[in-house]
Amino acid sequence: MRGGIRIQLDTRGRLGSYAPALVARAEGSLRCAAKAAGLGGGHELSVILCDNDWMRRVNRRWREMDQSTDVLAFPLHELPPDQVPPPGAIGDLVVSLPYLRRAARELGVDPESHLDLLLVHGLLHLLGHDHDRPRRQAIMRRRELDLLERIDS
């Protein structure tokens with residue numbers, strides 16, 4: 001496929017002065033991971049980087065869970081793992097930046113690296129991966145590490 005994936009990136013809620021750097025990082029990292037996963041110019045996805053309140057409302061509405069979380073993925077296609085979807089929109093990702101920053105501090109990693117992990121994790125959900133069973137979790141984790149390596153190189 002020619003060209004890179006089209007990414008519609010937006011922010012929602014009250015975000016601190018740290019947000020612009022993470023917004024810039026998100027697009028580059030996601031573009032790199034998407035290319036490594038076989039996605040190209042015929043594909044598009046949307047990403048919303050938000051605060052915890054906005055994430056909580058999304059999680060409550062779509063998953064009936066009244067709490068914030070780190071990342072949500074809303075795939076538009078049901079795919080077996082790693083199957084490249086047809087051209088067009090593949091889905092939406094929502095990432096809570098405050099949740100991400102807190103988790104990064106607790107894990108002792110920088111927020112940019114943790115953002116990369118959450119974006120790759122969400123992208124893999126859009127591409128049919130899941131972690132609902134130990135075997136599937138192991139497969140998804142190996143694929144995450146592979147795509148994260150591609151971002152870093």
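Which backbone oxygen lies 2.9 Å from a polar atom of the side chain of Asn-59? It is the backbone oxygen of Gln-67. Keep in mind that this is a predicted model.

Let me stay with Asn-59. You will find Asn-59 in helix 2. Its relative accessible area is 0%, so Asn-59 counts as buried. What does Asn-59 touch, leaving aside its neighbours within four places in sequence? The contacts are Glu-64, Met-65, Gln-67, Ser-68, Thr-69 and Leu-72. So Gln-67 comes up twice: once in that contact list, and once through its backbone oxygen, 2.9 Å from a polar side-chain atom of Asn-59.

Next, the largest pocket. Helix 2 matters here too, as one of the elements that supply at least two residues each to the lining. The others are strand 3, helix 4 and helix 5. Which element gives the most? Strand 3, with five residues. The space in this pocket is about 380 Å³. The lining has 15 residues. Closest to the centre are Val-71, His-121, His-125, His-131 and Met-140.

Now helix 3, residues 97–107. Start at its N-terminal end. Ser-96 caps it, with a side-chain oxygen 3.3 Å from the backbone nitrogen of Tyr-99. After the helix comes Gly-108. The phi of Gly-108 is positive, near 75°.

Which residues of helix 3 are buried? Leu-97, Leu-100, Ala-103 and Ala-104. Look down the helix axis: these buried residues fall within an arc of 125°, so they line one face. The general rule is worth recalling. An α-helix has 3.6 residues a turn, so residues three or four places apart point the same way. Over on the other side of helix 3, Arg-105 and Glu-106 are exposed.

What do the buried residues of helix 3 pack against? Two helices and two strands are on the list: helix 1 and helix 4, strand 2 and strand 4. Helix 4 is a familiar name by now, since it also supplies at least two residues of the pocket lining.

Last, the cysteines. How many disulfides does the structure hold? Zero. Take two cysteines in turn. Is Cys-50 buried or exposed? Buried, at a relative accessible area of 0%. Cys-32 has 29% relative accessibility, so Cys-32 counts as partly exposed.

That's the tour. Asn-59, the pocket, helix 3, the cysteines. Over to you.

Key
Residues numbered from 1 in each chain as written. Predicted model: local features only at pLDDT ≥ 70, side-chain atom pairs only at ≥ 80, totals over all residues. Heavy atoms only, no water. Disulfide = S-S within 2.5 Å. Buried < 20%, exposed > 50% of the residue type's maximum accessible area, 1.4 Å probe, protein only. Helix = DSSP H or I, 4+ residues; strand = E, 2+ residues; numbered from the N terminus. Arc of directions from axis to C-beta. Contact = heavy atoms within 4.5 Å. Polar contact = N/O pair within 3.5 Å; in protein donor to acceptor, adjacent residues only side chain to side chain. 1 Å grid on protein atoms, 1.4 Å probe; cavity = no way out; pocket = protein on both sides within 12 Å on 5 of 7 lines; lining within 4 Å. Points joined across faces, edges and corners; volume = space filled by probe spheres on them.
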